Amino acid sequence: MKIGWVTPLATTSAIGFVSVQVCQALVERGHLVDIIRSETADAIDAPHWPTSCPVLSWRDVPSGAAEQNYDVVFLSIGDNFNFHAGIFEYLSQPYAIGIFHDFYLFNLFNGWRQQRGLTANQSVREIISAYGPASAGAALRAINGEADITELSRTVPMTEWVAQRCTAAVGHARFYLPRLEKSCAGVVEVGNLPFAGREVQPALAKEGKLTVATVGVVNPNKCVDVVIDAIGQSPLLRDKLRYVVAGPIDDATRAALNDKAEAQGVEFMALGRVEDDELLNVLNEADIMCCLRRPVLEGASASAIEAMLSGRPTIVANAGFYGELPDRYVAKVPEDFIASDLALVMEEWVADSATRLRIGAEAQAWARETFSATAYAVMLETVV
């Protein structure tokens, strides 16, 4: 097949990182693949992930040319409009297959409607077109900025609004499969998000303090503050753990988290945005990974997959993609977890290094087999 693969490719995009791996697997299976960058004009000039595939911009390949040039166009769909603006050139075309990396897509929709200059009433009508007249109240609250992210993810995540514009759809977990099946007229498939982990050093039993790590953009739904509370409320954990967060963070959030940690006697460091070699160092030094979300917005979590691939035991919330991970390979806390839930898990792992290392090693072996780009490419062939 001749394939157009629409995706962000900036090195700050995890979806771009995954796309490069999948496109290479498709090429190895005999397909011809062009990568079509989907970023907005101000984002497309950023450094991009290296690839052997031809790289174009969505502005260079209008929908008519795509229909002539490709047998199928896969659209990598995520919730960042600046990264994914180009997908709207191809949505609603008969060759367009959506790959839903995020289940929550309200920010993508919001960027689209602002870029088009839609009025509030027009925007509400778009939401109602996906969710019906009963959603009018939630739609109006959403457009007026009166609904928080939890309400939006439950009532109008806009997954269906995008899915009804796709000929077929691929998700990365079963929890949002009904939303895709309800809205997409064609084939809907679930595949395990492919991810090639870094060459992380093996986890070891250590003397002295252990390191807990969280990776990714530091926003409220990562619950970094709750991890600090969990360590702070336990004399054992305060004495035995340090907490490191690697990912973009604004100054106000950093100051608030530093103050919280200092007040509770928790050794804490927010590194901010890190380069690839710095991230590898974080993973090498980590003993426990926290991949918490409240609410869950992703279709699947590259950071959780990388945590398992690193061989480190990982704490997740029992919700969404994370809840579908096998219980033996991660520690699950309740969906509405509190600090004491996290503290119980961490205290057990601090006290029992053998269990901690065993869970990490078993998770690593399972993840290596499960999150394969080749298996994912085979699955995509069945969707076309």
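**Figure 1. Glu-39 and Arg-37 meet through their side chains in a salt bridge, with 2.9 Å from N to O.** Welcome to this predicted model; the tour opens with a charged pair. Are these two residues buried or exposed? Glu-39 is buried, and its relative accessible area is 0%. Arg-37 is buried as well, with a value of 5%. Both count as buried because the limit for that word is under 20% relative accessible area. As background, side chains of opposite charge can pair when their charged atoms come close. Across the whole structure, a search finds 16 salt bridges, and further views below show others.

**Figure 2. A salt bridge joins the side chains of Arg-141 and Glu-151.** Here the N to O distance is 2.6 Å. The pair links distant parts of the chain, since Arg-141 belongs to helix H6 (residues 136–143) and Glu-151 to helix H7 (residues 149–155), 10 residues apart. How accessible is each partner? Arg-141 is partly exposed, at 33% relative accessibility. Glu-151 also counts as partly exposed, at 22%.

**Figure 3. Asp-229 and Lys-260 form a salt bridge between their side chains, at 3.0 Å from N to O.** Which parts of the chain does this pair tie together? Asp-229 lies in helix H10 (residues 224–232) and Lys-260 in helix H12 (residues 251–264), so the bridge connects parts that are 31 residues apart in sequence. Asp-229 is partly exposed, with a relative accessible area of 23%, and Lys-260 is partly exposed too, at 27%. Elsewhere, Arg-198, Asp-276 and Glu-306 are joined into one network by salt bridges that share partners.

**Figure 4. Helices H10 and H12 pack with their axes 9 Å apart.** The angle between them is about 10 degrees. How do the two helices lie relative to each other? H10 and H12 are roughly parallel, because angles under 35 degrees count that way. On the H10 side, the contact is made by Val-224, Asp-225, Ile-228, Asp-229 and Gly-232. On the H12 side, Leu-257, Lys-260, Ala-261 and Gln-264 take part. Asp-229 and Lys-260, the salt-bridge partners of the previous view, are thus among the contact residues. Sorted by class, the contact has four nonpolar, two polar and three charged residues.

**Figure 5. Seven strands make up an open sheet with parallel pairing.** To follow the sheet from one side to the other, read the strands in the order E3-E2-E1-E4-E5-E6-E7. Which strands stand at the edges? They are E3 (55–57) and E7 (188–190); each has a single partner strand, so one side of each is left without a neighbour in the sheet. From one strand to the next, the twist averages 25 degrees. Strand E6 (residues 168–171) pairs with E7 in the parallel sense over three bridges. In this pair of strands, Gly-171 stands opposite Val-190 of E7.

**Figure 6. Helices H1 and H18 pack on the sheet.** Which strands does H1 touch? Helix H1 (residues 14–28) touches strands E1 (2–7), E2 (32–37) and E4 (72–77). The direction of H1 makes about 170 degrees with that of E1. Helix H18 (residues 373–383) touches E1, E4, E5 (96–100), E6 and E7. The direction of H18 makes about 155 degrees with that of E6.

Note on methods
Residues are numbered from 1 along each chain as its sequence is written. This is a predicted model: local features need pLDDT of at least 70, side-chain atom pairs count only at pLDDT 80 or more; totals for chains, interfaces and linings use all residues. Side-chain values use heavy atoms; hydrogens and water are left out. Two strands pair if DSSP finds at least two bridges between them. Helices (H or I, at least four residues) and strands (E, at least two) are DSSP runs, numbered from the N terminus. Axes are lines fitted to C-alpha atoms, for helices over the stretch in contact, and angles run from 0 to 180 degrees between N-to-C directions. Contact means heavy atoms within 4.5 Å. A salt bridge is a side-chain nitrogen of Lys or Arg within 4 Å of a carboxyl oxygen of Asp or Glu. Buried means under 20% relative accessible area, exposed over 50%, partly exposed in between (1.4 Å probe, protein chains only). Angles under 35 degrees count as roughly parallel, over 145 as roughly antiparallel, 65 to 115 as roughly perpendicular and the rest as oblique. Ala, Val, Leu, Ile, Met, Phe, Trp, Tyr, Cys and Pro count as nonpolar, Asp, Glu, Lys and Arg as charged, and the others, Gly among them, as polar.
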